[in-house]
Amino acid sequence: MLNKLKSFKIFQSDTTTMQLVRTYIVGAINMIIGLTLTYTFQFWVLTFISFPLRTYLTNVFAFLIGVVISYYLSRRIIFKLSFFGGKLKEFLNFSYTNLISLFAPNLIWFIINFIDDSLQKDEAWFLIITILINGAILPFKYLIYKLFVFKDSL
């Protein structure tokens, strides 16, 4: 099945457009993993912590786990680099870039909390807003990956 997936044009072509498409594919995979982690922390693990602190801690824990997974997926799928070929500097640059994924949601949730603090307590709204936030920042992250993080490996 993996070989069949590799035969699709989006995985063969290395144009900027195809890399951006692959960025959204990796973003979708990361989002599924991230949402699973986020849901687990928000509604199961950290239930002893009150809102809004619980939401902020949830985002931090999901970020720390997700950034490692995202690094390897981005190297391999988006830029077609070897899975384990990166250097520590590259991983650190990737981690710094992904701080956008940590701070942007927390900042947006901080603003939402002033408007309607019940949204972060509702599972459906929490999911919808999280998806919208993460989808909106993907093109910016892709540009930073290409121009800054992985430029020496490309």
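The dialogue below goes through some helix crossings, empty spaces and local features of a predicted model.

Biologist: What kind of model is this, and which values count in it?

Modeller: This is a predicted model, in which local features need pLDDT of at least 70 and side-chain atom pairs count only at pLDDT 80 or more, while totals for chains, interfaces and linings use all residues. Residues are numbered from 1 along each chain as its sequence is written, and side-chain values use heavy atoms, with hydrogens and water left out.

Biologist: Why is α6 called oblique to α7?

Modeller: Helices here are DSSP runs (H or I, at least four residues; strands are E, at least two), numbered from the N terminus. The axes of α6, residues 99–115, and α7 come within 10 Å and cross at roughly 140 degrees, where axes are lines fitted to C-alpha atoms, for helices over the stretch in contact, and angles run from 0 to 180 degrees between N-to-C directions. Angles under 35 degrees count as roughly parallel, over 145 as roughly antiparallel, 65 to 115 as roughly perpendicular and the rest as oblique, and therefore α6 is oblique to α7. The crossing of α6 and α7 is also right-handed, a term for the near helix being turned clockwise from the far one by less than a right angle, with anticlockwise giving left-handed.

Biologist: Which residues make the contact between α6 and α7?

Modeller: Contact means heavy atoms within 4.5 Å, and α6 contributes I100, S101, A104, P105, I108, W109 and I112, while α7 contributes W125, F126, I129, T130, I133, N134, I137, K141 and I144. By class, this contact of α6 with α7 has 12 nonpolar, three polar and one charged residues, where Ala, Val, Leu, Ile, Met, Phe, Trp, Tyr, Cys and Pro count as nonpolar, Asp, Glu, Lys and Arg as charged, and the others, Gly among them, as polar.

Biologist: What makes α4 oblique to α5?

Modeller: The axes of α4 and α5 come within 10 Å and cross at roughly 120 degrees, which means that α4 is oblique to α5. The contact is made by F63, V67, V68, S70, Y71, S74 and R75 of α4 and E90, F91, F94 and S95 of α5, and these residues divide into six nonpolar, three polar and two charged. α4 passes α5 in a right-handed crossing.

Biologist: What makes an empty space a cavity, and what makes it a pocket?

Modeller: On a 1 Å grid over the protein atoms alone, a cavity is a set of points where a 1.4 Å probe fits but cannot get out, whereas a pocket is an open set with protein on both sides within 12 Å along at least five of seven lines, and lining residues have an atom within 4 Å of a point. Grid points are joined across faces, edges and corners, and a volume is the space filled by probe spheres set on the points. By this rule the count comes to one cavity of 30 Å³ or more.

Biologist: How many residues line the largest cavity, and which lie nearest its centre?

Modeller: The largest cavity, with a volume of about 480 Å³, is lined by 28 residues, of which N30, G34, S101, N134 and K141 lie nearest its centre. The elements that give two or more residues to this lining are α3 (16–45), α4 (53–78), α6 and α7. By class, the lining of the largest cavity has 14 nonpolar, 13 polar and one charged residues.

Biologist: Which element gives the most to the lining of the second largest pocket?

Modeller: α5 gives the most, with three residues. About 200 Å³ of space lies in the second largest pocket, and its lining has two nonpolar, four polar and six charged residues.

Biologist: Where is the cis peptide bond?

Modeller: The bond from F51 to P52 is cis, with omega near 0 degrees, and P52 lies in the loop between α3 and α4.
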